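Here is a short, friendly tour of a single fold for anyone who likes to think at the level of side chains. Have the viewer open as you read.

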Amino acid sequence: MALFLIERNWAEQLEVTPDSAAAVKQINDDVGVRWLYSFLTGDKKKTYCLYEAISADAIREAAERADIPADVIVEVDQLKPEMFAAS
């Protein structure tokens, strides 16, 4: 599966509850995407979420079903500092 970074712009403050997270997980499971983690900006108006999915379209479908924004979706690759450490 590919990795995707999703930028979400929220019109109001994001409030995640156990119930809302469970609902998003169920939708993601139905569509075949996996939410890995998210970063929330200090002003709580944007999140940057890392997902595994087969396509950006699958992420868009999950976002539409969950009624949450997916303003920018970018396929990314992972780099880690230890990948460049001298042996």
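What follows is a walk through a few parts of this predicted model.

**Helix 2 and its two sides**

Helix 2 spans residues 56-66. Which residues of helix 2 are buried? They are Ala56, Ala58, Ile59, Ala62 and Ala63. Because these residues cover an arc of only 160 degrees around the axis, they sit on the same side of helix 2. On the other side of the helix, Asp57 and Glu64 are exposed. The buried residues pack against strand 1 (2-9), helix 1 (18-31), strand 3 and strand 4.

**A buried asparagine in helix 1**

From helix 1, Asn28 is a good residue to click on next. Is Asn28 buried or exposed? Its relative accessible area is 4%, and anything under 20% counts as buried, so Asn28 is buried. Setting aside residues up to four places away in sequence, Asn28 touches Val33, Trp35, Tyr51 and Ala62. Ala62 is also one of the buried residues of helix 2.

**After helix 2**

Just after helix 2 comes Asp67, with a positive phi near 55 degrees. Ile68 lies in the loop that runs from helix 2 to strand 4. Although Ile68 and Asn9 are 59 residues apart along the chain, their C-alpha atoms are separated by 9.3 Å. Ile68 is in contact with Arg8, Trp10 and Ala63, leaving aside its neighbours within four places in sequence.

**The hairpin of strands 2 and 3**

Strand 2 (residues 34-40) and strand 3 (residues 46-53) pair in the antiparallel sense, over 6 bridges. One pair to look up is Tyr37 and Leu50, the latter being the bridge partner in strand 3. Between the two strands of this hairpin there are 5 residues, and Lys44 takes a positive phi near 60 degrees.

The two positive phi values can be set side by side:

| Residue | Place | Phi |
|---|---|---|
| Lys44 | hairpin of strand 2 and strand 3 | positive, near 60 degrees |
| Asp67 | following helix 2 | positive, near 55 degrees |

**A nonpolar patch on the surface**

To finish, turn to the outside of the model. Leu5, Val72 and Val74 form a nonpolar patch on the surface, and together they have about 200 Å² of accessible area. Val72 belongs to strand 4 (residues 72-76). How does Val72 count in terms of accessibility? Its relative accessibility is 37%, so Val72 counts as partly exposed.

Key:
Residues numbered from 1 in each chain as written. Predicted model: local features only at pLDDT ≥ 70, side-chain atom pairs only at ≥ 80, totals over all residues. Heavy atoms only, no water. Patch = residues over 30% accessible without salt bridge, like charges linked within 9 Å, V, L, I, M, F, W, Y side chains within 5 Å. Areas by Shrake-Rupley, 256 points an atom, 1.4 Å probe, with all protein chains shown as cover. Salt bridge = Lys/Arg side-chain N within 4 Å of Asp/Glu carboxyl O. Helix = DSSP H or I, 4+ residues; strand = E, 2+ residues; numbered from the N terminus. Buried < 20%, exposed > 50% of the residue type's maximum accessible area, 1.4 Å probe, protein only. Contact = heavy atoms within 4.5 Å. Pairing = 2+ DSSP bridges. Arc of directions from axis to C-beta.
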